[in-house]
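Me: I would like a close look at a single part of this chain, set against the chain as a whole. Please keep it plain and give the values as you go.

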Amino acid sequence: MTNENGFTPVGERQGWQGRVVSLSIAEIRAPDGSIYEREIIRHPGAAVIVPLDGEEVIMIRQYRAAVNREMLEIPAGKLDSEDEPPELTAQRELEEEIGKQAGNLKLLAVFHNSPGFCDEVTHCYLATDLSDTHRQPHGIEEEHMAIERIKLADVPDLVASGELADAKSIVGLMLAREHLR
C-alpha cells in the first residue's frame, strides 16, 4: 500500500524472533523507484496508566536492564496479543504492579513510542476511582520494584531535574495534567 508521499512497502523478512519483540527487515520502494531496507522492531503494543489518587499519582520505581538503572515510571505493560483490548491490559497492569483497580479509565492518547525503528503503539489512560486489590507482581523486576506517590504538580520539576526520564511516563503525566486543567 503506497502512502501519501509515494513510499511503498514491497517485502519483509524476519531477522529474529524473541519472546516479546521481533526484528524484521523491510524493503521499501521510494518515490524515485529505488528500493531500500529498514530494520523494524515489531511489538504487540502497550498500555500505560496514570493512576490518580487525589492530587497524587501512584508510580513505580523499577530496574531497567536496557539502561542499567532504576527508573521512576507510571504503571505499564505490553498487550498479551495484538488482539487484547488495551483497557484490559491497563486494568491488569494496575493490579499486578500497584495492587489497584480503576473504577474509571479515560483514554488520553494513542501514540508511537519510537517510529524511527519500532511499530509499538501505546494507549495512555488516566485511572481514577481507585480501589485496593491484591498486588500480583510478574517477573524479577516487579518483585523488587517500589511503589511511590508523587504530586502531579511536581511533574515538571521531576522532569527538569532528570529524576523522571522515562518518555512514556512523561507523556502520560503531562497529558493527565492537561486533561485535569
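How many helices and strands does the secondary structure of the chain come to? After that, take the part around K168 in helix α4 and follow its contacts outward.

Reply: This is a predicted model, so local features are drawn from residues with pLDDT of at least 70. The secondary structure comes to four helices and ten strands. Along the sequence the order is β-β-β-β-β-β-β-α-β-β-α-β-α-α.

Some totals for the chain come before the close look. The C-alpha atoms fill a box of roughly 55 × 35 × 30 Å along the principal axes. The chain has 181 residues, and 39% of them count as buried. Its exposed surface is about 10200 Å², with carbon and sulfur atoms supplying 49% of that area. If one takes the contacts between residues at least 6 apart in sequence, 55% of them join residues at least 24 apart. The side chains include 18 positive and 33 negative ones, and the centres of these two sets lie 2 Å apart.

Now the part you asked about. K168 sits in helix α4, which covers residues 167-179. K168 counts as buried because its relative accessibility is 16%, and the cut-off for buried is under 20%. The side chain of K168 takes part in two polar contacts described here. One joins K168 to the side chain of E73 at 2.8 Å. The other, also given as 2.8 Å, runs from the side chain of K168 to that of D166. With neighbours within four places in sequence left aside, K168 is in contact with V48, R64, E73, I74 and A76. E73 therefore appears both in this contact list and as a polar partner of the K168 side chain, within the 3.5 Å limit for a polar contact. Of the other residues touched, R64 belongs to strand β5 (56-64), and E73 belongs to strand β6 (69-73).

D166 is the next residue to follow. D166 lies in the loop between α3 (155-161) and α4. D166 is buried because its relative accessible area is 13%. Besides the polar contact with K168, the side chain of D166 makes a polar contact of 2.5 Å with the side chain of S169. If residues up to four places away in sequence are not counted, D166 touches M71, L72 and E73. E73 is thus a contact of D166 and a contact of K168 as well, by the 4.5 Å criterion for heavy atoms.

Further along helix α4 is V171. V171 counts as partly exposed because its relative accessible area is 32%. The C-alpha atoms of V171 and V48 are separated by 9.8 Å, although the two residues are 123 apart along the chain. V48 was met above as one of the contacts of K168.

The loop between β5 (56-64) and β6 (69-73) holds N68. N68 has a positive phi of about 50° and is not a glycine. Most residues other than glycine have a negative phi. N68 counts as exposed because its relative accessibility is 57%. D129, in strand β9 (residues 121-132), is another non-glycine residue with a positive phi, in its case near 55°. D129 is exposed because its relative accessible area is 56%.

Two other places can be set beside this part. The count of aromatic pairs comes to one. That pair is F7 with Y36, edge-to-face, at 6.5 Å centre to centre and with 90° between the planes. It links distant parts of the chain: F7 is in the segment before β1 (8-17), Y36 is in strand β3 (residues 35-42), and the two are 29 residues apart. Both rings belong to residues that count as partly exposed, because the relative value is 32% for F7 and 24% for Y36.

F7 is also a contact of M1, which touches F7, T8 and P9 once neighbours within four places are left aside. M1 lies in the segment before β1. M1 is exposed because its relative accessible area is 86%. The C-alpha atoms of M1 and K151 are separated by 46 Å, and these residues are 150 apart along the chain.

Note on methods:
Residues numbered from 1 in each chain as written. Predicted model: local features only at pLDDT ≥ 70, side-chain atom pairs only at ≥ 80, totals over all residues. Heavy atoms only, no water. Buried < 20%, exposed > 50% of the residue type's maximum accessible area, 1.4 Å probe, protein only. Areas by Shrake-Rupley, 256 points an atom, 1.4 Å probe, with all protein chains shown as cover. Lys, Arg positive; Asp, Glu negative; His and termini not counted. Charge placed at Lys NZ, Arg CZ, Asp CG, Glu CD. Polar contact = N/O pair within 3.5 Å; in protein donor to acceptor, adjacent residues only side chain to side chain. Phe/Tyr/Trp six-rings, centres within 6.5 Å; stacked < 30°, edge-to-face > 60°.
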